[in-house]
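Visitor: I would like a close look at a single part of this model, set in the context of what surrounds it. Please choose a buried helix and follow it outward.

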Amino acid sequence: MEGIGLSMDEVQLIQAAQGGDLDAFNRLVLTYQNLAFNVAWRLLGDDAAEDATQDAFIAAYRSIHRFRGGSFKAWLLRIVTNGCYDELRRRQRRPQTPLEPDPADENQADPSWLADPGEGPQELAERAELNTAIQRCLSQLEPEFRAAVILVDVQGLDYGEAAHALKRPLGTVKSRLARARARLQNCLQGFAELLPDRFRLNMQEP
Amino acid sequence: MPNRLPARDLEQLSAYMDGQLDLRRRTELEARMKTDPILAAALGELRTTQAILRRAPQRRAPRNFTLSPAMLGAKTQTISAWNNLRLVSAVATILLVVVFAGDLWANNQLGLAASATSVAEEAPQTLMMPEPAMKESETTTPEFAGDAAGEAQPFALEIERVAQEQPAPFDLRVFILDYARLLELGLMAIAAAAALLAWRRRHNKA
């Protein structure tokens, strides 16, 4: 990687990677690995996300010659989400891993990864509870709805990028997002006592 | 509350929240919200849900996902073995279809040729034989018939001997008929074995 200058921007890195430069591609991996891993982790809900992320980067390197411009992030996330869909389909065929987060999962039981140096134990506990509530509610959505809400609301992609990543028309993404949000809102009401006060949803009947 | 809204209103509110409505629809929706408290409350709840999702903790990638040539090589080997098996299975199946079609064709051709030959062989004998001779042969007494057969037998044996000495000309139809069953069985076995191996490889990977 030493041969790659720091001034090399994303377009140049992509072009170099298209020419077979693995170091250039690895620079892109370092830029996007947190995003790719988080999308896979939210979609799959467990540590299978690690394999899914690695496989996605391998697949991306193999097919980078087919990248024709546009958002590299969206293109990469399409590969990640497709890989996760494959994994979810495999689980449906051979149901051995629960789709809901496993309470025994070390990342659920030990929220040390959530720790922020400036946070006290109270904030850490709050964030862990918030995370549990979100992950449980996400896991109850169908994968396509889950992916839409993860990309737009959790990862902050715009509609166009999400549509590209999901390979769906903009209208479909809008519609899925709206329905996913409504269902998430319904689910999160069940965790109202776990949510910080400012996030408590109005549970009163009209 | 968004769950109780008509799907169209829900989609509009969701898109409005993300600034995805055009000016006309935005104005219409804002006017409706002024007079419809349920719609306004639903927007508030959707906003809270989105705020919760945006607060979802992000995990750091548990390791670097950078690629090495060895990783790519190992993956290539697996993928190419799987692809090769699929290719073998597909080619064997295509060849099986070709051989089977050839078998049908050869059967059909030889059947037509055989019926044409028997008609051609029978017709001249019947047509060219003079009527008296026919009658004579029909009325030949057993003792004369025995003499005639005794003379004809060495001649027939001689023809058969000469025919055996001369190699028969190559006939594709006969060749196909002779080897079609064997080829069909072989190809069927190859196609089935390759498909089974490919399936097992994929199954094990899953």
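Guide: Before turning to any one helix, it should be said that this is a predicted model, and that chain A has a mean pLDDT of 84, with 77% of its residues reaching 70 or more. Over residues 1–7 of chain A the pLDDT falls below 50, and in the model this stretch has seven contacts beyond near neighbours in sequence. Where pLDDT is low, the predicted coordinates should not be read in detail.

The part to look at is helix α2 of chain A, which spans residues 22–44. Its setting is a chain with nine helices and zero strands, in which buried residues make up 39% of the 206 residues. Of the contacts in chain A with a separation of 6 or more, 61% are between residues 24 or more positions apart.

The helix α2(A) is not straight. Although α2(A) has 23 residues, its end C-alpha atoms are only 28 Å apart, short of the 33 Å that a straight helix would reach at 1.5 Å a residue. A bend of about 55° is located at Tyr32(A). Just after the helix, Gly45(A) takes a positive phi of about 80°.

As for its surroundings, 18 of the 23 residues of α2(A) are buried, so the helix is largely enclosed by the rest of the structure; a residue counts as buried here when 20 or more other C-beta atoms lie within 10 Å of its own. The largest nonpolar core has 64 residues, and those that touch the most other members are Ala36(A), Ala40(A), Ala148(A), Val149(A) and Leu151(A). The largest share of this core, 13 residues, comes from α2(A). A second, separate core of five residues includes Leu85(B), Ala92(B), Val99(B) and Ala194(B).

One neighbour of α2(A) deserves attention beside it, namely helix α7 of chain A, whose buried residues pack against α2, α4 (72–93), α6 (121–139), α8 and α9 of chain A, together with α3 of chain B. In α7(A), which covers residues 143–154, 10 of the 12 residues are buried, so this helix too is largely enclosed by the rest of the structure. The buried residues of α7(A) include Ala148(A), Val149(A) and Leu151(A), and among them are also the charged-type side chains of Arg146(A) and Asp153(A). Leaving out residues up to four places away in sequence, Ala148(A) touches Ala162(A), Leu166(A), Val173(A), Arg176(A), Leu177(A) and Ala180(A). After α7(A) comes Gly156(A), whose phi is positive, near 75°.

The loop between α8 (159–166) and α9 (170–188) of chain A holds Lys167(A), which has a positive phi of about 55° although it is not a glycine. Most residues other than glycine have a negative phi. Lys167(A) has 11 C-beta neighbours inside 10 Å, and therefore counts as exposed.

On the N-terminal side, the link to α2(A) can be followed through Ile14(A), a residue of helix α1 (residues 10–18) of chain A. The C-alpha atoms of Ile14(A) and Phe25(A) are separated by 6.9 Å, with their positions 11 residues apart along the chain. Ile14(A) is partly exposed, having 18 other C-beta atoms within 10 Å, and, leaving aside neighbours within four places in sequence, is in contact with Ile64(A), Phe67(A) and Phe72(A).

The packing of α7(A) against α3 of chain B leads to the interface, where 36 residues of chain B are in contact with 43 residues of chain A. On the chain B side, the elements giving two or more residues are α1 (7–17), α3 (37–54) and α4 (69–128) of chain B, and α3(B) gives the most, with 10 residues. The residues on that side divide into 19 nonpolar, nine polar and eight charged.

Within α3 of chain B lies Leu39(B), which is partly exposed, with 18 other C-beta atoms within 10 Å. Leu39(B) and Leu13(B) are 26 residues apart in sequence, and their C-alpha atoms are 8.2 Å apart in space. Apart from neighbours within four places in sequence, Leu39(B) is in contact with Asp9(B), Arg32(B) and Met33(B).

Notes. Residues are numbered from 1 along each chain as its sequence is written. Chains are lettered from A and ligands numbered from 1 in the order in which they are written. Helices (H or I, at least four residues) and strands (E, at least two) are DSSP runs, numbered from the N terminus. The expected span of a helix is 1.5 Å times one less than its number of residues. The bend at a residue is the angle between axes fitted to the seven residues ending there and the seven starting there. Two residues are in contact if their C-beta atoms, placed from the backbone, lie within 7 Å. pLDDT is the predictor's confidence in each residue, from 0 to 100. A nonpolar core is a set of buried Ala, Val, Leu, Ile, Met, Phe, Trp, Tyr and Cys residues joined through C-beta atoms within 7 Å.
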